[in-house]
Structure formats: C-alpha cells, structure tokens
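Subject: Structure handover

Hello,

Here is the structure I promised to pass on. Please open it next to this email. My notes follow below.

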Amino acid sequence: MGKAGKKRFLAVGLGLFLLVVFFSSEAFPWGFATHAYIDDHLGKTKRNRNRNEIYGGVAPDTFNYLFDDPEYQIYLSTQTHIEFMKVWDISKTRLEKSLTYGFVSHNDVWGADSTAHHNGLTFGQGEGYIIAKASELAGILEAFQPYIDLGLPHEATLAVSHELVEAGVDLLIKGLDPSIGRKLKSSAFFRTSAFPDTLVKAYAKDLSEFSGWSLHRAKQFIIRAERKFRKWIFFYGKILMEDDPTAIELIAETTADIAVSFLTANGFSLPPGVEIEDIVPLVEFAIIQSMVICNHDFAGEIEATIDLVNQNLEANGISY
C-alpha cells in the first residue's frame with residue numbers, strides 16, 4: 001500500500017491499527033516473557049550467567065522497535081534472527097558466552113522462534129503455534145462488533161492477532177512462573193556491559209555496507225538501539241510484576257502509546273474523534289481472548305520447545 005493509500009486508510013478511522021499491523025509483520029512470534037522462561041530452563045543456573053542467558057534470549061528483538069527507520073528495522077531484525085551465529089563466534093568471556101548462548105537459542109531457523117513461527121510441536125504443526133492461534137483469535141475478533149466497526153481486512157486482522165497472542169502467552173507464562181517479571185527486569189539490569197560491543201562487532205560492518213553509512217555511524221546506531229531496548233525490557237519486566245488485570249491494562253496502554261509514536265514519526269495523526277483510550281479496551285479484550293484460547297495447551301508447547309532447543313543447541317555445538 002502506497003502513502004496515499006495509507007492516508008486514506010487512516011482517514012476512515014484505522015490509523016492506530018496500522019502500527020500494530022506493521023509491527024506484527026516485522027516482529028517474531030514468542031514474547032519477551034516466553035523467551036525469558038525458555039532460557040531460564042536452558043544452560044547454566046548460576047545467577048549471573050542465568051540472568052545474561054535470559055537477556056540474550058530476548059536480545060535478538062533489539063531492533064524490532066525502530067519505527068523511525070523501518071528499512072533498517074527489517075534488515076537488522078533479519079540479521080539477528082538468521083545470522084545469529086555471528087554473536088556466538090566473537091564472544092570470549094564467560095558472561096559474553098552466557099548472553100550469546102541465550103541469543104542463539106532465540107533464532108528463527110532451529111531455535112525457539114521456529115516453533116512459534118514455522119512448525120508448532122503440539123499445535124500448529126506446519127505453520128507455527130502463534131500463527132495457528134492468531135487465526136483462532138482473528139475469528140473471534142471478526143465476530144466482535146467493536147472490531148467489525150473498524151473495517152480491517154482479514155490480512156490485517158491476522159497481523160494484529162499475532163502480536164496480541166504473544167502478549168496473551170506472556171501473561172500465561174506469568175502464571176507458570178510468577179517471578180518471570182522480576183527475572184526479566186533483573187536480566188536487563190545485570191546484562192554484561194560487553195554486549196553492545198558484541199552487537200557492533202557482529203553487525204556494524206554489514207549495516208554500514210547496507211545503509212551506505214560510515215562505520216562509526218552504524219556502530220552508534222546499534223549502540224543507541226540496544227540502550228533503548230534494554231530500558232524497554234526493564235520496564236516490561238516491571239509490568240509483569242503487577243497483578244494480571246494491571247499488567248493487561250498496562251500492556252494494552254503501552255501498545256497504544258507505541259502506535260501513536262509510530263504514526264507521529266511517519267507524519268500521521270489519529271483520525272478525528274479517535275483517542276488512545278478508545279482503543280485500549282479493545283486491545284484488552286483481545287489479549288484476554290488470546291489467553292483463553294491458549295490456556296489449555298501453551299504449557300505443553302513451551303516445554304516441547306525447551307526440549308527441542310536444548311537438543312538443537314547441543315547438536316550445533318553451542319555450549320560453554
């Protein structure tokens with residue numbers, strides 16, 4: 001869809017959801033708490049190493065929020081999810097190895113994201129657990145009048161549903177491990193200070209060539225993105241430390257805030273009469289519905305994913 005088409009889309013009251021569609025299409029399927037839970041059950045158990053494994057487990061998504069630079073968002077997110085061995089190969093110290101161990105575990109080829117995105121193990125075989133559940137949630141939303149009134153096409157509804165199912169599974173993970181928010185927050189606080197430089201060594205040269213930037217500019221771009229991402233993981237961990245109703249509300253509000261930031265960065269504004277608070281209840285409804293449709297089988301899928309990733313890490317010589 002071209003810029004003119006997007007503006008017409010916004011004009012009929014769909015502006016806020018454009019961000020969610022865009023973000024969902026670029027993000028990779030398991031949420032932060034889910035990756036934290038997976039990595040908490042992989043690798044080392046010693047506190048500082050485990051913290052770094054957990055942060056590493058979410059770190060491939062460092063560039064998913066670069067809404068001001070969508071071209072580089074897509075490029076760098078692809079790099080971290082597909083060319084993930086670059087960080088492992090250059091890590092040296094124990095804590096670097098801890099963090100990059102988690103980083104590799106996340107990958108979209110044979111890591112944790114592969115079961116969410118490509119081939120579910122207990123549900124969604126051949127398409128991915130999150131992808132299959134998103135289809136279920138889309139059916140619920142498309143029968144819900146407040147959502148019908150938005151007039152979103154089916155493809156956009158599927159994209160929206162992917163992101164909302166991620167959030168729902170993250171909240172269900174909190175039921176399995178009520179301390180997951182604290183662990184996620186702690187992982188961001190204690191992540192090794194060497195990590196930004198590891199990202200730079202792994203990806204800055206290629207980014208420089210892709211973008212036409214100087215190597216210095218590419219390095220600074222990566223360092224700033226990781227700094228913002230680290231703060232976001234700290235904040236997200238704090239959200240998950242709240243009770244479920246509060247966490248759902250805060251996640252819904254944050255989704256709306258991110259949407260407005262994206263629209264502003266791209267020269268758009270909310271349609272007349274549409275305010276952030278008008279969208280939040282619909283997002284809350286969708287998150288709750290995603291929890292309902294995943295509640296009976298998500299735990300089995302996560303345990304199967306942990307087993308698969310553990311086997312694949314060993315098969316690919318990832319140990320320390």
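Which residues in the largest nonpolar core touch the most other members? They are Val 169, Leu 184, Leu 207 and Ile 287, out of 82 residues in that core. Helix α13, residues 215–240, gives the most to this core, with 10 residues.

One caution before the rest. This is a predicted model.

**The chain overall**

The chain has 16 helices and 0 strands. It holds 320 residues, and 57% of them are buried. Take the contacts between residues at least 6 apart in sequence: 75% of these join residues at least 24 apart. The accessible surface is about 13500 Å². Carbon and sulfur atoms account for 54% of that surface.

**Leu 184 and helix α11**

Start with helix α11, which covers residues 180–190. Its buried residues are Ile 180, Gly 181, Lys 183, Leu 184, Ser 186, Ser 187 and Ala 188. What covers them? The cover includes α2 (32–40), α3 (47–58), α10 (154–176) and α13.

Leu 184 deserves a closer look. Setting aside neighbours within four places in sequence, Leu 184 is in contact with Phe 32, Ala 33, Ala 36, Ile 54 and Val 58. Leu 184 is also in contact with Ile 233, Tyr 236, Gly 237 and Leu 240.

**Helices α4 and α12**

Two packed helices are described by the angle between their axes and the distance between the axes. Helix α4 (residues 70–82) and helix α12 (residues 195–211) pack at an angle of about 145°. Their axes are 11 Å apart. The contact uses Glu 71, Tyr 72, Tyr 75, Leu 76, Gln 79 and Thr 80 from α4. From α12 come Tyr 203, Asp 206, Leu 207, Phe 210 and Ser 211. By class, that contact has 6 nonpolar, 3 polar and 2 charged residues. The crossing of α4 past α12 is right-handed.

Trp 213 comes next, in the loop between α12 and α13. Is Trp 213 buried or exposed? Trp 213 has a relative accessible area of 10%, so it counts as buried, the cut-off being under 20%. Leaving out residues up to four places away in sequence, Trp 213 touches Tyr 72, Leu 207, Ser 208, Ala 218 and Phe 221. Tyr 72 also belongs to the contact of α4 with α12, as does Leu 207.

**Ser 161, Phe 285 and Gly 139**

Ser 161 is found in helix α10. Ser 161 is buried, because its relative accessibility is 0%. Again without neighbours within four places in sequence, Ser 161 is in contact with Ala 134, Leu 137, Ala 138 and Leu 141. How far apart in space are Ser 161 and Ile 287? Their C-alpha atoms are 9.0 Å apart, with the two positions 126 residues apart in sequence numbering.

Phe 285 lies in helix α15, residues 276–294. Its relative accessible area is 21%, so Phe 285 is partly exposed. Phe 285 touches Ile 140, Leu 141 and Phe 144, not counting residues up to four places away in sequence. Leu 141 is thus a contact of Phe 285 and also one of Ser 161. From Phe 285 to Ile 248 is 9.4 Å, C-alpha to C-alpha, and 37 residues in sequence.

Gly 139 sits in helix α8, residues 129–141. Where does it stand on exposure? Gly 139 is partly exposed, because its relative accessible area is 41%. The C-alpha atoms of Gly 139 and Leu 158 are separated by 9.1 Å, and the two are 19 residues apart along the chain.

That is the handover.

Best wishes

Notes
Residues are numbered from 1 along each chain as its sequence is written. This is a predicted model: local features need pLDDT of at least 70, side-chain atom pairs count only at pLDDT 80 or more; totals for chains, interfaces and linings use all residues. Side-chain values use heavy atoms; hydrogens and water are left out. Helices (H or I, at least four residues) and strands (E, at least two) are DSSP runs, numbered from the N terminus. Buried means under 20% relative accessible area, exposed over 50%, partly exposed in between (1.4 Å probe, protein chains only). Contact means heavy atoms within 4.5 Å. Accessible areas come from the Shrake-Rupley method with a 1.4 Å probe; for residues, only the protein chains shown count as cover. A nonpolar core is a set of buried Ala, Val, Leu, Ile, Met, Phe, Trp, Tyr and Cys residues joined through side-chain atoms within 4.5 Å. Axes are lines fitted to C-alpha atoms, for helices over the stretch in contact, and angles run from 0 to 180 degrees between N-to-C directions. A crossing is left-handed if the near helix is turned anticlockwise from the far one by less than a right angle, and right-handed if clockwise. Ala, Val, Leu, Ile, Met, Phe, Trp, Tyr, Cys and Pro count as nonpolar, Asp, Glu, Lys and Arg as charged, and the others, Gly among them, as polar.
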